[in-house]
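Please open the model in your viewer and keep the sequence panel beside it, since the tour moves from one selection to the next.

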Amino acid sequence: MKTEEAIRALRGALKLYGFEETSGIELIKYRENYVFRLTRETGDSYAMRLHRAGYRTDDEIRTELAYLQVLGEQGLSVPEVVPTLDGEPMCRVQAEDGTDFQLDVQRWIEASQPLGDVAEALAGTSSLEPETFRRLGILAAELHERTTAVERVCSFQRRAWDSDGLVGDAALWGDPLAVDGLGRDDAALLRSAMARLKRELDVMDTSADGYGVIHADLTPENVLVQDGRLIMIDFDDFGEGWHLFDLATILFWYQPHPQYEAYRRELFEGYSSVRPLPAHYPASWEAMLLARGLTYLGWAGERSGDPEAAFIAEQVVPMVLEQARHYISTTISPARTGS
């Protein structure tokens, strides 16, 4: 669907929210979903997310939005969900070709900017100080504290970032071996590493102190800075998983950075100042970083020809291959399953 067609579909839903039909609408980004900024005549702005058709069920989206509402009520810095005039957290709109799309609206976070971007992180040129990662650790721990305390809402319809979701036959983001340009020897290396990783994850502790509802996509673009405050956005991939996966996502892109070790130390210290680190975290760290990297390869493999997929094939694949070599050359005792 072209951007102009998407905007026309959005305009058909403005009355459901009480928005003026003359409100300005501009495309902010298109990845899994279209994200538009709507600006009303009053100057108020909103993020309008037009979901990719067939990617999520209504119940999955409702679960995400219900959690955002609960987390916001508990004081966590997350976007504010804007319901329809009828009180619904989402609605459906129809494109000109008859395709139905899900739509939800969140209040725009004014005067904010992303913490960073993956390109500068991967290039090792990020100017972020280690103290920022201490704050990110605190933010992640606060999220996990609250999601652990919150009872499952809306029947909780979300897919899990567990062993099967990360490296199973139907991994959530696709098959890492499908990424463009992967040679025979490289594929064999990844296949071996994935088999070992699957065995380790199959028995990794899933007790509540280290496993539960996570964000699952805490990249530098998905943390906004507003007047010095860190705000988590884009919960599109949230679901159950290891808390360590969120920490691995925060640091994954910064592995080539000269301050990586300081970043990691501060991240863990910040996290542990709020929530105890499970005993298996240090031993499981490399496994979780590799799992995160493999998901990016799977994502790119599903989107051959996409500019971001090409970036991953060129820039991320070599790093993940090196991770895989290191992983299969070391002996790590799998963490025991929790009761």
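Select Gly228 first: in this predicted model the residue is partly exposed, with a relative accessible area of 38%, a value that falls between the limits of 20% for buried and 50% for exposed. Gly228 lies in the loop between E9 and E10. Add Ser112 to the selection and draw the C-alpha to C-alpha distance, which comes to 9.3 Å although the two residues, Gly228 and Ser112, are 116 residues apart in sequence.

Now widen the view to the hairpin around that loop, which E9 and E10 form with 2 residues between them. Asp227, in the turn, has a positive phi of about 50 degrees. Strand E9 covers residues 223–226 and pairs with E10 in the antiparallel sense over 4 bridges. To follow the ladder, select Gln226, which stands opposite Arg229 in E10, and then Val223, whose bridge partner in E10 is Met232.

Next, display the sheet to which this hairpin belongs, an open one of 3 strands in the order E7-E9-E10 with antiparallel pairing. Its edge strands are E7 (113–114) and E10 (229–232), each of which pairs on one side only. Helix H5 packs on this sheet, where it touches both E9 and E10, and the direction of H5 makes about 45 degrees with that of E10.

Keep H5 (residues 130–149) on screen and add helix H8 (residues 243–252): the two pack at an angle of about 155 degrees, with their axes 10 Å apart. Angles over 145 degrees count as roughly antiparallel, and H5 and H8 are therefore roughly antiparallel to each other. Their crossing is right-handed. To see the contact itself, show the side chains of Phe133, Leu136, Ala140, Leu143, His144 and Thr148 on H5, together with His243, Asp246, Leu247, Ile250 and Leu251 on H8. Coloured by class, the residues of this contact divide into 7 nonpolar, 3 polar and 1 charged.

Which helix should be selected with H8 next? Choose H9 (residues 260–272), which packs with H8 at an angle of about 145 degrees, the axes being 11 Å apart. H8 passes H9 in a right-handed crossing. On the H8 side, the contact is made by His243, Leu244, Leu247, Ile250 and Leu251, and on the H9 side by Tyr260, Tyr263, Arg264, Leu267, Phe268 and Tyr271. By class, the residues of the contact of H8 with H9 comprise 9 nonpolar, 1 polar and 1 charged.

For the last stop, turn to strand E5 (residues 91–94), and colour its two faces separately: Cys91 and Val93 make up the covered face, whereas Arg92 and Gln94 make up the uncovered one. In a regular strand the side chains alternate between the two faces of the sheet. Then add strand E6 (residues 100–107), which runs antiparallel to E5 and is joined to E5 by 4 bridges. Selecting Gln94 leads across to Asp100, its bridge partner in E6. E5 and E6 form a hairpin with 5 residues between them, and Gly98 in the turn has a positive phi of about 95 degrees.

Technical notes. Residues numbered from 1 in each chain as written. Predicted model: local features only at pLDDT ≥ 70, side-chain atom pairs only at ≥ 80, totals over all residues. Heavy atoms only, no water. Axes fitted to C-alpha atoms, helices over the stretch in contact; angles between N-to-C directions. Parallel < 35°, antiparallel > 145°, perpendicular 65-115°, else oblique. Left-handed = near helix turned anticlockwise from the far one by under 90°. Contact = heavy atoms within 4.5 Å. Nonpolar A, V, L, I, M, F, W, Y, C, P; charged D, E, K, R; others polar. Buried < 20%, exposed > 50% of the residue type's maximum accessible area, 1.4 Å probe, protein only. Pairing = 2+ DSSP bridges.
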